[in-house]
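Me: Please walk me through one part of this structure in detail, then connect it to what lies around it. Short sentences are fine.

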Amino acid sequence: MNKVDRHCERSEVIQKPISLKQWIAASLALLAMTCLLTLPAQAEIIKSPSIAMHGSPKYADNFTHLDYVNPDAPKGGSLKQSVVGNFDSLNPFIIKGSPAAGMTFLGQSLLYDSLMEQSNDEPFSMYGLLAETIEYDTEDKSWVAFNLNANAKWHDGKQVTADDVVWSFNIFLEKGSPFFKAYYGDVTKVEATSPTRVKFTFKDTNNAELALIISQLAILPKHYWTSEGNDFSKTTLDAPFGSGPYMIDKIDAGRSIAYKRVDSYWAKDLPINKGRFNFDAQIFDYYKDSNVALEAFFANEYDVRTENVAKLWNTAYDAAPVKDGRIQKEEIQHRRPQGMQGFLYNLRKPIFQDKAVRQALENAFDFEWSNKQFAYGGYKRTNSYFENSELAATDALPTGRVLEILETYRGKIPDEIFTTRYQPPKTDGSGNLRGNLRTAMKLLDEAGYKLGDDGIRTHEKTGTRLEFEIMDSNPLFERWVLPMIANLKKIGVQANFRVLDPAQYQNRINEFDYDMTIGSMGQSSSPGNEQRDYWASAKADIAGSRNYIGVKDPVIDDIIEKIIQAPSRDELVALTQSLDRILLSGHYVIPQWHIDYWRIAYWNKLGRPDNLSHLTPAIGDTWWQKETDKAE
């Protein structure tokens, strides 16, 4: 009996001997079936008009309009808004100059379309704009492609091509703001595979966000910027053109800029644009002073104002147009992540490199008293870098997945992260903060800073004096800062407040030429690559980056990369909450305040959707001028 026979006699299927030819045929068939079963699942190439970072987009492929617009909004009229400051450039993509309002470089600006457009009622989903579809491999995450809409046109009538996309991306990285190199650092190659298809290749296959943030890139007309006399690396007040819903109409350098709606806008009938861009004209008037701007609003010099000063909101809106109803005044709740606003330490300065000093100084800011005095109690104290969102680490102690993540860094992060949750110092609001100041003095004593004969503390070994400057461009912050400066003086710290004009302030911010400043790190519902620009060690010494504080921490670098590569929404939230706890433990800022509603006042010529997005009021995007007023 041979080996085959011995095998067959144990079988209940084969009842009789088979020939060698039959056995070979059966064996080959079995081998083929086995190979098929052991092959990996076949990858699928997806070509879709939309994409979500995690899960599926909210809106189906055949959607007609966004939920937070009025699809029947009338077209016409104008919207005039105010800006405090000035501008000297129409190129927002470079570090030089102060760009004019309406010229943003991520997402849809008035002038430039992006490959895709983000909806404002989801964490992070993109829908086709210049790109009719996005194309990617479900298994191989090393590339993404965009197929351009054949109808996409520049304002001069020429077609938008893949070559425009390639040129835009490359020029941003070569000559644009340092932000671009951080944001798109994982792209290794971009190529036009046809006149209407562009492919991006990645070095990291785990960056779930990268395809989406590439789709946000504003695309520029190559033939305009490469023509004689146009230099992308320089500021300019020559009006460029784009492919967006508006084009520049009039410019009064530093004083105003006006855009006019493009009647032949190629994308006006796309579902993503239905009910949007309703004004025939959008004008931004510039004011040197916010108080002057407020008076101009009451004089009907512009149409709408989002009020950022609580005192003004509570005391200054008693003008006749408010009382008689010509100006509507609304507080509208939102769920927009507030990020962190605060007094930012510049860790590049020796005085702030000691964590104990940073922790001591925050005791001099009496938020509770200042909030009552200057904001009628209207603000909430910020105690998270991802405030007003599920991304904030709000639990008293880390638990669950957050604890698991932090455990992997034990020994490399402060032990108190596992035992306490950072809270900024509190007072009873009476103005008496002796307890806080005693805490501050004890910390400074332990850090080696002793009080000198002149009343200023000096380090007993290094000779470093505790004196510094707080720099800002907004004089309205003075009333918040001066009481803190007085409290600092009580503990032997000398500080002064300097207000600069916006242009000078921005130049010094770009060069990190400050001791302390007042700033904010805004956050989205879906943090990702931008976290590198805020916190990554590699960005701390690059002029123009948003690592204003100068953070250099390998643990933070590592967790940022994990956030970028998060495979699910739950993991993204857990990683971000972990980052929040680590940042808070560093005492990198003295947290200030936030509100979870918009304060908006507007002349009653304006109409707005009933169901505004919870992330942005989108005034120039989704509001309109009432038809009854157009005829006046």
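Reply: Start with strand β13, residues 304-306. Three bridges join β13 to β24, and the two strands run antiparallel. One pair in that register is Val 304 opposite Tyr 602 of β24. Keep in mind that this is a predicted model.

β24 also pairs with β14. Strand β14 covers residues 327-333, and seven bridges join it to β24, again antiparallel. Here Gln 328 stands opposite Tyr 602. Tyr 602 therefore has Val 304 across from it in β13 and Gln 328 across from it in β14. In general, strands of a sheet pair through backbone hydrogen bonds, either parallel or antiparallel.

How many of the seven residues of β24 are buried? Seven of the seven, for the strand spanning 597-603. The cut-off is under 20% relative accessible area. β24 is therefore largely enclosed by the rest of the structure. Both of its faces are covered. Tyr 597, Arg 599, Ala 601 and Trp 603 are buried on one side. Trp 598, Ile 600 and Tyr 602 are buried on the other. Note that Arg 599 is in the buried set.

Now the wider setting. The protein has 632 residues, and 54% of them are buried. It holds 20 helices and 26 strands. Its C-alpha trace spans about 105 × 70 × 50 Å along the principal axes. Take the contacts between residues at least 6 apart in sequence: 71% of them join residues at least 24 apart.

Next, an open sheet that includes β22. It has five strands in the order β20-β19-β21-β15-β22, with mixed pairing. The edge strands are β20 (494-499) and β22, each pairing on one side only. The twist averages 35° from one strand to the next. At one end of that order, three bridges join β15 (residues 340-345) to β22, and these two run antiparallel. Gly 342 stands opposite Pro 591 of β22.

Two helices lie across this sheet. Helix α14, residues 478-490, lies across β15, β19, β20, β21 and β22. α14 runs at about 165° to β20. Helix α15, residues 502-510, lies across β19, β20 and β21. α15 runs at about 125° to β19.

Step back along the chain from β22 (589-591). The loop between α18 and β22 holds His 587. Phi of His 587 is near 50°, a positive value in a residue other than glycine. His 587 is buried, because its relative accessible area is 8%. Asn 388 makes a useful companion case. Asn 388 is not a glycine, yet its phi is positive, at about 65°. Asn 388 sits in the loop between β16 (380-381) and α12 (400-407). At 22% relative accessibility, Asn 388 counts as partly exposed.

Then comes the helix pair. α17 (554-564) and α18 (569-585) pack at an angle of about 160°, with axes 9 Å apart. The two helices are therefore roughly antiparallel to each other. Their crossing is left-handed. From α17, the contact uses Val 555, Ile 556, Ile 559, Lys 562 and Ile 563. From α18, it uses Leu 572, Leu 575, Thr 576, Ser 578, Leu 579, Ile 582 and Leu 583. By class, that makes nine nonpolar, two polar and one charged residues.

Two buried residues round this off. Asn 529 lies in the loop between β21 and α16 (530-535). It is buried, since its relative accessible area is 0%. Beyond its neighbours within four places in sequence, Asn 529 is in contact with Tyr 183, Asn 207, Glu 209, Leu 210, Ile 213 and Ile 564. Its C-alpha atom is 15 Å from that of Ser 177, which is 352 residues away along the chain.

Leu 212 lies in helix α5, residues 210-215. Leu 212 is buried, because its relative accessible area is 1%. Setting aside residues up to four places away in sequence, Leu 212 touches Ile 51, Ala 52, Met 53, Phe 124 and Met 126. The C-alpha atoms of Leu 212 and Leu 115 are separated by 9.7 Å, with their positions 97 residues apart along the chain.

How values were computed:
Residues numbered from 1 in each chain as written. Predicted model: local features only at pLDDT ≥ 70, side-chain atom pairs only at ≥ 80, totals over all residues. Heavy atoms only, no water. Axes fitted to C-alpha atoms, helices over the stretch in contact; angles between N-to-C directions. Helix = DSSP H or I, 4+ residues; strand = E, 2+ residues; numbered from the N terminus. Parallel < 35°, antiparallel > 145°, perpendicular 65-115°, else oblique. Left-handed = near helix turned anticlockwise from the far one by under 90°. Contact = heavy atoms within 4.5 Å. Nonpolar A, V, L, I, M, F, W, Y, C, P; charged D, E, K, R; others polar. Buried < 20%, exposed > 50% of the residue type's maximum accessible area, 1.4 Å probe, protein only. Pairing = 2+ DSSP bridges.
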